[in-house]
Amino acid sequence: MSKEIENAMKVLTEAMQDTDIGSYAHGWHCNIAMMCYDAMGDNATAHLGHEECHRIANDGASRFMQLCFNVTTSNNKDKG
């Protein structure tokens, strides 16, 4: 990984983990979850239902945030 990318990830991770701007991580989570939900399309929503697609999208966003930034953005106790 180049030094520039490493530094950028460090800055982003610090911003995500900063409790004073916790809404920054939440904002990223929401945008990622909505992208996941939209990517499932109408067919998935018709078969799984809105609530299940919503749950799956939020789980995907939470996993991304944990993997990339070591930030917990889900309060779902019974996942995984």
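Accessible areas here come from the Shrake-Rupley method with a 1.4 Å probe. On that footing, the protein exposes about 5,800 Å², and carbon and sulfur atoms supply 56% of it. The model is a predicted one, with a mean pLDDT of 90 for the protein and 89% of its residues at 70 or more.

The overall layout is quick to describe. The protein holds three helices and zero strands, so the pattern read along the sequence is simply α-α-α. Among these elements, helix 3 has the highest mean pLDDT, at 96, and helix 2 the lowest, at 93. Of the 80 residues in the protein, 21% are buried. As for how the chain meets itself, residues 24 or more positions apart account for 48% of the contacts with a separation of 6 or more.

Helix 1 comes at the start of the tour. It covers residues 3-17, which makes 15 residues, and its first and last C-alpha atoms are 21 Å apart, close to the 21 Å expected at 1.5 Å a residue. Thr13, Ala15 and Met16 are the buried residues to look for in helix 1. They sit on the same side of helix 1, because the arc they cover around the axis is only 160 degrees. On the face turned away from that buried side, helix 1 carries the exposed residues Lys3, Glu4, Lys10 and Val11. A bit of helix geometry is handy here: an α-helix has 3.6 residues a turn, so residues three or four places apart point the same way.

Thr13, one of the buried residues of helix 1, deserves a second look. Its relative accessible area is 18%, so Thr13 falls under the 20% cut-off for buried. Setting aside residues up to four places away in sequence, Thr13 touches Cys68 and Phe69.

Next comes the inside of the protein. In soluble globular proteins, nonpolar side chains tend to be buried together. Here, the largest nonpolar core has 12 residues in all: Met16, Ala25, Ile32, Ala33, Tyr37, Ala44, Cys53, Ala57, Ala61, Met65, Phe69 and Val71. Helix 2 and helix 3 are the elements that give two or more residues to this core. Met65, a member of the core, has plenty of company. Leaving aside its neighbours within four places in sequence, Met65 is in contact with Met16, Ala25, Trp28, His29, Ile32, Asn70, Val71 and Thr73.

Helix 2, made of residues 22-48, includes Cys30. With a relative accessible area of 36%, Cys30 is partly exposed. Cys30 and Ala61 are 31 residues apart in sequence, yet their C-alpha atoms are 7.5 Å apart in space; Ala61 itself belongs to the largest nonpolar core. Met34 also lies in helix 2 and counts as partly exposed, at 43% relative accessibility. Between the C-alpha atoms of Met34 and Asn58 there are 8.1 Å, although the two residues are 24 apart along the chain.

Helix 3, residues 50-69, is home to Gln66. The relative accessibility of Gln66 is 34%, which means that Gln66 counts as partly exposed. Not counting residues up to four places away in sequence, Gln66 touches Val71 and Thr72. Val71 comes up again in the contacts of Met65 and in the list of core residues.

Notes. Residues numbered from 1 in each chain as written. Heavy atoms only, no water. Helix = DSSP H or I, 4+ residues; strand = E, 2+ residues; numbered from the N terminus. Buried < 20%, exposed > 50% of the residue type's maximum accessible area, 1.4 Å probe, protein only. Contact = heavy atoms within 4.5 Å. pLDDT = per-residue confidence, 0-100. Expected span 1.5 Å × (residues − 1). Arc of directions from axis to C-beta. Core = buried A, V, L, I, M, F, W, Y, C linked by side-chain atoms within 4.5 Å.
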